[in-house]
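Me: Could you take a close look at a single part of this structure for me? I would like to start from one residue and see how its surroundings are built, in one connected account.

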Amino acid sequence: MKTIPHLIVIASLSSLAALAGASAQTAEPDLDVAAIRARASAGASDADALSANARARAEALARDARTSASEAEAHARRFTREAAASAKHDPASTFDFDRMVADAGTMTSEGMGEAPRFIAFASLSMPPAALRAMIDDVAKAGGIVALRGLPRNSAKALTDALAKIAKPGEQLDGVGIDPRLFRAFGIETVPTYVVTSSDFDLCDGFDCRTQVPPHDRMSGNVSAAYALETFAHGGGPGALLAAQHLARLERQDP
């Protein structure tokens, strides 16, 4: 009779063990590793798709921006030509605007190559005396002076500005309007002097960009002679051509 309580205790302990095992299985089920990996892979694919879409949209916006800038420049160039064509019929105008809006290659002085190699970037907002000195020296050296466009989009404003620096009847050879040169060399400030290592072709298309050759450049209120001498003695990519232009300038100075 004394063994019955003992059996009851053993039975109770067995029941508790079974309940504990069942509770443990409920609290900590087996992990489905394959399902977790599948969900992670799907999430990574979604992230990759979003990233690719964002990159595509950014590239499309960049292309649109480049096209818009090129179209605006082309429009400005056409406007400059049209305004110049109408201005030449003005009796008060003494300047050959057709020549001034010509391609840069046609502005280069004879005997120094078919494309500009010595370029002085200028603006009609410069002091007239400084601009006049630049034009004279650059022309003697066989280079060109490039203007970005018409001041205030007005051919008359261009005529009035040039009249302040030109002698009566003077055409200011070697001065031209060509925004492509400013774009090709990334010119943001004037005056800036550039001497290239070789000739180059200017790109006219909407989607193309001029591949300029290695070159020397200097910005600031300095003379053409100082810029050329610095380039010639500096050993840079434009040193040899700068020496040629400097020699030509010195031969023509009184």
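Reply: Happy to. Helices and strands here are DSSP runs, of at least four residues for a helix (H or I) and at least two for a strand (E), and they are numbered from the N terminus. With those labels, the starting point is Pro-214, found in the loop between E4 and E5. Please keep in mind throughout that this is a predicted model.

Is Pro-214 buried or exposed? Its relative accessibility is 53%, and the cut-off for exposed is over 50%, so Pro-214 counts as exposed. Pro-214 still has company from elsewhere in the sequence: leaving aside its neighbours within four places, it is in contact with Thr-196, Ser-197 and Pro-237. Ser-197 is 17 residues away in sequence, yet the C-alpha atoms of Pro-214 and Ser-197 are 5.7 Å apart in space.

Now to the two strands on either side of that loop. E4 and E5 run antiparallel and are joined by five bridges. One of the pairings puts Thr-192 opposite Ser-219 in E5. The residues of E5 divide by face: Asp-216 and Met-218 are on the covered face, while His-215, Arg-217 and Ser-219 are on the uncovered one. Helix H8, residues 224-234, lies across E5 as well as strand E1 (118-122) and strand E4 (192-196), and it runs at about 140 degrees to E5.

How do these strands fit into the whole sheet? The sheet is open, with five strands in the order E3-E2-E1-E4-E5 and mixed pairing. Strand E3 (175-177) and strand E5 (215-219) each have a single partner strand and stand at the edges, so one side of each has no neighbour in the sheet. On average, neighbouring strands are turned by 25 degrees against each other, direction ignored.

Moving across the sheet from E5, we come to the parallel part. E1 and E2 are paired in the parallel sense over four bridges, and Ala-122 has Leu-147 as its bridge partner in E2. The next pair, E2 (residues 144-147) and E3, is also parallel, with three bridges. Leu-147 turns up again here, with Ile-177 as its bridge partner in E3. The chain gets from E2 to E3 through H6, in a right-handed β-α-β crossover. Ala-146 is matched with Gly-176 in E3. E1, H5 and E2 also form a right-handed β-α-β unit.

The side chains of E2 point two ways: Ile-144 and Ala-146 to one side, Val-145 and Leu-147 to the other, and all of them are buried.

Helix H5 deserves a closer look of its own. It covers residues 128-141, and at 1.5 Å a residue its 14 residues should span 20 Å; the end C-alpha atoms are 20 Å apart, so the two values agree. After H5 comes Gly-142, which has a positive phi, near 85 degrees. The buried residues of H5 are Leu-131, Arg-132, Met-134, Ile-135, Asp-137, Val-138 and Ala-141. They pack against E1, E2, E3, E4, H8 and helix H9 (239-252).

That packing leads on to the nonpolar cores. The largest nonpolar core has 33 residues, of which Met-134 and Tyr-193 touch the most other members. H5 gives the most to this core, with five residues. The elements that give it two or more residues are E1, H5, E2, helix H6 (155-163), E3, E4, H8 and H9. A second, separate core has eleven residues, including Ile-119, Ile-144, Ala-146 and Val-194.

Finally, a step back to the protein around this part. Its secondary structure comes to nine helices and five strands, and from the N terminus on the elements run α-α-α-α-β-α-β-α-β-α-β-β-α-α. Of its 254 residues, 35% count as buried. Among contacts between residues at least 6 apart in sequence, 69% join residues at least 24 apart. Back at our starting point, Pro-214 is exposed and sits in the loop between E4 and E5, with E5 at an edge of the sheet.

Terms used: Residues numbered from 1 in each chain as written. Predicted model: local features only at pLDDT ≥ 70, side-chain atom pairs only at ≥ 80, totals over all residues. Heavy atoms only, no water. Pairing = 2+ DSSP bridges. Axes fitted to C-alpha atoms, helices over the stretch in contact; angles between N-to-C directions. Contact = heavy atoms within 4.5 Å. Expected span 1.5 Å × (residues − 1). Buried < 20%, exposed > 50% of the residue type's maximum accessible area, 1.4 Å probe, protein only. Core = buried A, V, L, I, M, F, W, Y, C linked by side-chain atoms within 4.5 Å. Right-handed = clockwise from strand over helix to strand, strands pointing away.
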